[in-house]
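Dear colleague,

I am passing on to you the structure that I have been looking through, and my notes on it come after it. Please have it open while you read.

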Amino acid sequence: MTSLIQKLKKYHASSLRLGWGNPQTLLKTSFVPLLSHLLAEKMKHTQVAVLLLMQSLNALTATTVTTEVTSHLTTTLPYLTQPSKTTGNLHTPPTLFANVSGSVDDEGTCQCSVYLPDTTFPVQKAEQLEIIAATLSEKFEIELSQVREYSKMIELYQQQILNLTIRVEYMEKSSVSYTELDFQLLKVEISDLERLVTQLKSSLVGSNVIVEQIYLEITNLTILVNELESLDKNNVLAIRRQIVSLQNRLKECEESTNKTTVPPYFPPGSCIHRGLLNVSQPYIVKLNWRGFSYKYGSWGRDYSPSNPEEEVYWVAPLNTDGKLLEYYRIYSSFDDLLLFKPMYESRITYGEGSGAALYNNYLYYHAYSSKHMVKHDLKTNTMVLRKDLPDAVSGNRFSYAGVAWQGIDFAVDESGLWVIYSTEDSMGNIVISKLNETTLDVLNTWQTRQYKPSVSNAFMVCGVLYATRPMNTRKEEIFYMYDTSTGQEGRISVVMDKKLDTIQSIDYNPTDQRLYVYNDGYLLRYDVTFQP
């Protein structure tokens, strides 16, 4: 026993010389300062501190076994290493035993309680330190990744700032000033332009292609300015130049409109003009005499070259099937037409489609379910001539778009009677034939390149065919022309307003130079303007 105690003393003394000492002292003198230092410098030197902490924990773990043995023996023999109470010398043998209170159990065994000093190693605290170190390491990695992202963003911002600097330097060297980038002023100017164009449109009679184009450009300009305001504001000068150009054009249009120019006068029946220029707003005469259900038909004024001033009007609504022409009325004046006072009402058996025309007191129409042309005398209400139209396609094969049963369409102009139709040889394209009004013989024929079912209607003026097409439910466009005197065809754009969706027939009268339009049962009238 004595030898064992001496060995323990020697081992404990050597541990003190090595610098480890009491484990509690080691914890206070080594780990606590280290932890404080780690927390204070967690962002600046976190990685280095974590490495030092891990090395210290490894060294501490290596001494755990020695410490546990020493603590156990010290607990068993608490007084072996205690200094002498009288001399204070460690080498003086102390008292080995002490009296304590005890008790005897039922089996006769003596039991007592011994209180040992708290010299065990703090394993739980060491584990907590290890967890804290791992947590700090994770936080460090997160902070480090964020720093990398911030570095990339800073590089990007530096490049953007460099680009902005270059652009600002360019603006300073050029004539661009910050006052020219005022988008609110641009919007005000564009709004004024739009208001002026709207007023100009309302003051014009008929349609004007130039004004419509300017209005469209102003609308596009508004959209472009709104886009530029949210994007690149350096293109404002180009927009401002475009506004100035539009202002100049609008000013020219206003000046030309304010001038009280009287349309050139062309005598009735003359063709000394250069063709159709414009049409007026529609004058709504009234609903046809048979009622709203009779949407198909034709109407107009008779043209008599021998007596051009004579007023005779006809209205010929088809039956409700949109095919059968059976009744028509004749009026001796326009006032009688307005007052529903017909000269007479007559019945024919039967016509087909809305292509009838009145010329020199004779009504010309397409005979029902045939290829025949009919000449009908108004005075006697009798058919005077019925003749086949060579090669014409009958039925509903090549009728106008949106208008059924109009395969043969009669037209009147300054030179006389015409017929508009299609043939199989023309593959549905419009064919124009000049007729002898007395014999209904075909005098001459022209074949166009315009497909007949793609147009909504057609009429003749001074030997020139004009074709229309719908733009929407309230506008029609005269878009195509064919000159029979030259054989030339071309595109034009004259917009006609209409009351309802479909135009069933258009008839031109050379005496008053007006268009008579049958529009879904309503009788409309347009004034025509010619190019001087």
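Below are some notes on the core and on the salt bridges.

This is a predicted model, in which local features need pLDDT of at least 70 and side-chain atom pairs count only at pLDDT 80 or more, while totals for chains, interfaces and linings use all residues. Residues are numbered from 1 along each chain as its sequence is written, and side-chain values use heavy atoms, with hydrogens and water left out.

The largest nonpolar core (buried Ala, Val, Leu, Ile, Met, Phe, Trp, Tyr and Cys residues joined through side-chain atoms within 4.5 Å; buried means under 20% relative accessible area with a 1.4 Å probe, protein chains only) has 22 residues, of which Val279, Phe459, Ile478 and Leu515 touch the most other members. Several strands (DSSP runs of E, at least two residues, numbered from the N terminus) each supply at least two residues of this core, among them S3 (276-279) and S17 (457-461), and the largest share, 5 residues, comes from S23.

The whole structure holds 11 salt bridges, each being a side-chain nitrogen of Lys or Arg within 4 Å of a carboxyl oxygen of Asp or Glu. In one of them, the side chains of Arg301 and Asp512 meet at 3.5 Å, N to O, and this pair links distant parts of the chain, with Arg301 in strand S5 and Asp512 in the loop between S21 and S22, 211 residues apart. Arg301 is buried at 10% relative accessible area, and Asp512 is also buried, at 18%.

With best wishes

Key:
Buried < 20%, exposed > 50% of the residue type's maximum accessible area, 1.4 Å probe, protein only. Helix = DSSP H or I, 4+ residues; strand = E, 2+ residues; numbered from the N terminus.
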